[in-house]
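Good morning, colleagues. I should like to take a few minutes to present the packing of side chains in one protein model.

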Amino acid sequence: MNDVTFETALSTRVDAMLDACTRCGKCVEACPSVAPAGLADADPEDVITGVLDILRTGDGPEASRKWASSCMLSGACIKACDYGVNPRFLLAMTRLAMVKAKNGPPDRRRQGVLTFRNMGQDVSVLSRLQLDGAVLERLGQKSASVAKADEPPDFVFYTGCNVLKTPHIALLALDIMDALGVTYRVMGGPSHCCGVMQLRAGDTEMSGRLGTNSMEKMSHSRSGQVISWCPSCYVQFTETTLPTIEKQRGARPFEMTPFMRFLKSRLDDLRPLLRKRVEKRVALHKHPGVAGVVEAAESILSAVPGVELIDLKQPAVGLQSVNLSVLPAYKRELQLNELEAARDAKVDALAAVYHSDHRELCAHERDWPFRIVNVLEIVGESMGLSQADHYKRLKILQDADAILADCRDLIAQHDLDPDVARNVVVKNLLGDQPLPLSGGAPSSPGVSVTPAEGSAS
């Protein structure tokens with residue numbers, strides 16, 4: 001057993017990147033966060049130099065601190081660097097250094113635990129307001145596997161946590177893999193945490209422990225591949241956990257592939273299953289943070305007979321919608337402009353890839369002349385597959401009491417505390433609305449529509 005700790009190995013990786021960085025400032029120049037964060041007049045070389053100062057000392061100039069705090073994880077900085085540095089990873093480590101300089105270990109541990117506990121409750125309650133026990137079982141929430149223990153699957157399908165709030169998306173992914181004849185084991189939810197929340201809270205040790213524990217659980221498939229859904233988890237594993245484990249142990253236990261890229265790699269197998277024409281003008285809601293995912297989604301939608309893919313010519317920034325929460329006014333502007341562009345283009349559907357995109361956009365379907373769906377719903381329609389989008393149906397009600405009444409049977413089945421369920425509905429389902437609906441705030445007593453900013457995904 002290697003006696004190098006996770007934190008030591010992580011620090012070694014940071015030090016190597018600090019040595020490799022030439023402070024040219026190209027990463028700052030390429031970053032789409034710079035202008036909306038009010039840093040357009042800042043000198044790029046000064047900004048990146050200040051970031052390196054923060055990483056070394058925990059302190060640095062305000063412009064550098066603001067840039068690190070405004071990162072939307074777009075990934076443009078990675079493409080801009082000619083020296084093998086991952087500036088997005090360095091900015092994550094910069095935010096970590098800033099948190100450590102501000103809060104002591106007990107406060108960091110406490111904040112990490114609190115954030116994780118709240119997320120776990122939100123995921124658990126919202127998924128149980130939509131699904132019965134058998135479907136939760138299929139999503140790996142009552143057992144570790146949907147495959148027999150003595151039969152290693154082709155792949156592990158790692159959901160992450162927050163897609164379980166919009167479970168129809170994950171269920172469609174499973175339906176499609178079933179149709180392709182792919183065997184898999186589903187893992188995800190709070191029991192398979194990637195550690196990103198603990199890292200953001202500054203608890204590096206716990207982040208490494210949780211991520212490593214989940215990694216060990218995912219290390220058993222015939223292909224040595226994990227198909228991932230959540231982009232936040234993907235970035236956490238591929239840019240922080242897996243490379244750090246490799247530095248510790250000399251090898252990584254698996255490679256991770258985003259589901260959209262996996263599906264594109266099986267496009268020749270998928271095409272014969274796309275039997276039904278879907279006569280729709282479809283615009284894709286785009287986030288480029290994971291390389292190749294937007295392009296894969298476009299290829300998949302273009303393969304659906306009848307679909308006409310419409311380019312709305314809107315900015316594509318961030319890892320997913322939730323990551324734009326660091327710049328809330330900019331985020332609202334982008335979302336409104338996209339809805340208006342979709343209306344003007346007379347699209348039939350605005351299709352998002354990720355779950356946080358769907359959570360934030362789906363209720364706008366009530367007020368605009370097009371549907372708001374996930375990419376997999378269009379693929380599924382052509383394949384004869386469907387899963388009910390209970391999240392959108394409930395959110396469009398815009399009334400906490402009506403939602404709880406609708407879900408009364410599932411509340412009883414899962415023995416949920418009605419007061420806890422109501423709090424989660426108000427804070428999470430109704431509160432996850434950065435751009436207000438055109439009809440205004442919900443009328444239910446006690447309902448707040450303050451956007452639920454800052455969640456992991």
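I shall speak about the nonpolar cores, then one buried serine, and then the aromatic rings. Please bear in mind throughout that this is a predicted model.

Let me begin with the cores. The largest nonpolar core comprises 113 residues, and Trp 67, Phe 259, Met 260 and Leu 270 have the most contacts inside it. Helix 9, residues 167–180, supplies the largest share of this core, with 9 residues. Another core lies apart from it; this one has 18 residues, including Leu 129, Ala 400, Val 425 and Leu 430.

What surrounds Trp 67, beyond its neighbours within four places in sequence? Its contacts there are Cys 27, Val 28, Cys 31, Val 34, Leu 39, Val 47, Ile 48, Val 51 and Leu 91.

I turn now to Ser 207, which is located in helix 11, residues 204–217. Is Ser 207 buried or exposed? Its relative accessible area is 1%, so Ser 207 is buried. Leaving aside neighbours within four places in sequence, Ser 207 touches Cys 194, Gly 195, Gln 198, Leu 199 and Gln 236.

Finally, the rings. The count of aromatic pairs is 6. In one of them, Tyr 158 and Phe 237 meet edge-to-face, at 5.6 Å centre to centre with 85° between the planes. This pair links distant parts of the chain, 79 residues apart: Tyr 158 belongs to strand 1 and Phe 237 to helix 12. Tyr 158 counts as buried because its relative accessibility is 0%. Phe 237, also at 0% relative accessibility, counts as buried. Trp 368 and Phe 370 form a tilted pair, because their centres are 6.3 Å apart and their planes at 40°. Both of these residues, Trp 368 and Phe 370, are buried.

How values were computed. Residues numbered from 1 in each chain as written. Predicted model: local features only at pLDDT ≥ 70, side-chain atom pairs only at ≥ 80, totals over all residues. Heavy atoms only, no water. Core = buried A, V, L, I, M, F, W, Y, C linked by side-chain atoms within 4.5 Å. Buried < 20%, exposed > 50% of the residue type's maximum accessible area, 1.4 Å probe, protein only. Helix = DSSP H or I, 4+ residues; strand = E, 2+ residues; numbered from the N terminus. Contact = heavy atoms within 4.5 Å. Phe/Tyr/Trp six-rings, centres within 6.5 Å; stacked < 30°, edge-to-face > 60°.
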